[in-house]
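Here is a short report on side-chain contacts and strand pairing in one protein chain. Please keep the viewer open while reading.

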Amino acid sequence: MKIRLDNASILKKNGTLVQGSVVLVDDMICAVGEEAGAAARGDDVTVYDLSGCTVLPGLIDAHTHLTFTQTAHVSPDAAVAVKGLDSAARALHSGITTVRDVGGIRGIDFEIKDALQKRDALKGPDVLVAGQFISITGGHSYQRAMEADGPEGIRRAVRTQLKRGADYVKLMASGGCADPTENPEHVQMTAEEMEVAFDEAGRAGREVVVHAHPERAIAMAAEMGAVSIEHGTYLQD
């Protein structure tokens, strides 16, 4: 199937706008720009006139929780799954073609990713999942987390998420801002606990993302090679 989008203002990856066409063959973009229209001619091409419209690349949401609500951790699995699929569909409709889900509920995010990959009837972006994030017992968002303590407990939790199919591992290294009973400047994980998580994830070829508000937790995560710091509220120079 060939589709040609004509007369569009196209936002290119370098931030410039050009007038031209976008050509898709079997849902893959194969030509973009002023001369792209010449790449697809003939009776087998469906043409749409996008005069007055702007076409931009798919957006990436690098921090989201498709399945989260205030009560998701106590909701039935079916309700959580419906919420997640609805969130995914809304994201795609908004122009987001990839999401990084940095914490799910009871492994349901893995099922959502699998369903979106395998079933044409369900529409959503590409999804990268962490599974349950890992928190100390009673730590930040423990209601949704896989709680673990000590190096061996953390290692077991990381292995559990990798077994489920995690694309990366998410650690809760500090308190959070949303809960008034927590201190966001409280470092919750020890360096030894974090180190073993990085070791275990690294040996499986996976990266680690770290929820960290205070400077000390941010520094530990950065020094250990975190691919990203989530929030980083009290980051210093």
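The report below covers salt bridges, aromatic contacts, strand pairing, a surface patch and one glycine.

## Basis

The model is predicted. Residue numbers start from 1 along the chain.

## Salt bridges: a link far apart in sequence

Side chains of opposite charge can pair when their charged atoms come close. The count here is 13 salt bridges. One of them joins the side chains of Lys-2 and Asp-44, with N to O at 3.9 Å. That pair passes because the cut-off is within 4 Å.

Where do Lys-2 and Asp-44 lie? Lys-2 is in strand 1, residues 2-11. Asp-44 is in the loop between strand 3 (28-33) and strand 4 (45-49). The two are 42 residues apart in sequence, so the salt bridge ties together separate parts of the chain. Lys-2 is partly exposed, at 29% relative accessibility. Asp-44 is also partly exposed, at 49%.

## Salt bridges: a network

Which residues are linked in a network of salt bridges? They are Glu-152, Arg-155, Arg-159, Asp-199, Glu-200 and Arg-203.

Take Glu-152 and Arg-155. Their closest N and O atoms are 3.7 Å apart. Both residues sit in helix 3, residues 150-164. They are 3 residues apart, about one turn of the helix. Arg-155 has a relative accessible area of 16%. Arg-155 counts as buried because the limit is under 20%.

Now take Glu-200 and Arg-203. The closest N and O atoms of this salt bridge are 2.6 Å apart. Both residues belong to helix 4, residues 191-203. Again the spacing is 3 residues, about one helical turn. Is Glu-200 buried or exposed? Glu-200 is buried, with a relative accessible area of 7%. Its partner Arg-203 is exposed, at 55% relative accessibility.

## Aromatic contacts

A pair of aromatic rings is described by the distance of the centres and the angle of the planes. The structure holds 1 aromatic pair. It is made by Phe-68 and Phe-133, with ring centres 6.1 Å apart. Their planes stand at 85°, so the pair is edge-to-face. The relevant cut-off for that label is over 60 degrees.

Both rings come from loops. Phe-68 lies between strand 6 (59-64) and helix 1 (77-93). Phe-133 lies between strand 8 (126-129) and strand 9 (134-135). The residues are 65 apart in sequence, so this pair too ties together parts of the chain. Phe-68 is buried, at 18% relative accessibility. Phe-133 is buried as well, at 1%.

## Charges over rings

Phe-68 has a further contact. Arg-144 lies over the face of the Phe-68 ring, at 4.7 Å from the ring centre. What lies over the face of Tyr-168? Arg-100 does, at 5.7 Å from the ring centre.

## Strand pairing

Strand 1 and strand 2 (residues 17-25) run antiparallel. They are joined by 8 bridges. Arg-4 has Val-23 in strand 2 as its bridge partner. The hairpin of these two strands has 5 residues between them. There, Gly-15 takes a positive phi near 90°.

How many bridges join strand 2 to strand 3? There are 5, and these strands also run antiparallel. Val-22 stands opposite Val-32 in strand 3. This hairpin has 2 residues between the strands. In the turn, Asp-26 has a positive phi of about 50°.

## A nonpolar surface patch

Leu-11, Leu-17, Leu-56 and Leu-59 make a nonpolar surface patch. Its area is about 350 Å². Leu-59 lies in strand 6. At a relative accessible area of 39%, Leu-59 is partly exposed.

## A buried glycine

Gly-175 sits in the loop between strand 11 (168-172) and helix 4. Gly-175 is buried, with a relative accessible area of 0%. How far is its C-alpha atom from that of Ser-141? The separation is 8.5 Å, while the residues are 34 apart along the chain.

Methods. Predicted model: local features only at pLDDT ≥ 70, side-chain atom pairs only at ≥ 80, totals over all residues. Heavy atoms only, no water. Helix = DSSP H or I, 4+ residues; strand = E, 2+ residues; numbered from the N terminus. Buried < 20%, exposed > 50% of the residue type's maximum accessible area, 1.4 Å probe, protein only. Phe/Tyr/Trp six-rings, centres within 6.5 Å; stacked < 30°, edge-to-face > 60°. Lys NZ or Arg CZ within 6 Å of the ring centre and 35° of its normal. Pairing = 2+ DSSP bridges. Patch = residues over 30% accessible without salt bridge, like charges linked within 9 Å, V, L, I, M, F, W, Y side chains within 5 Å. Areas by Shrake-Rupley, 256 points an atom, 1.4 Å probe, with all protein chains shown as cover.
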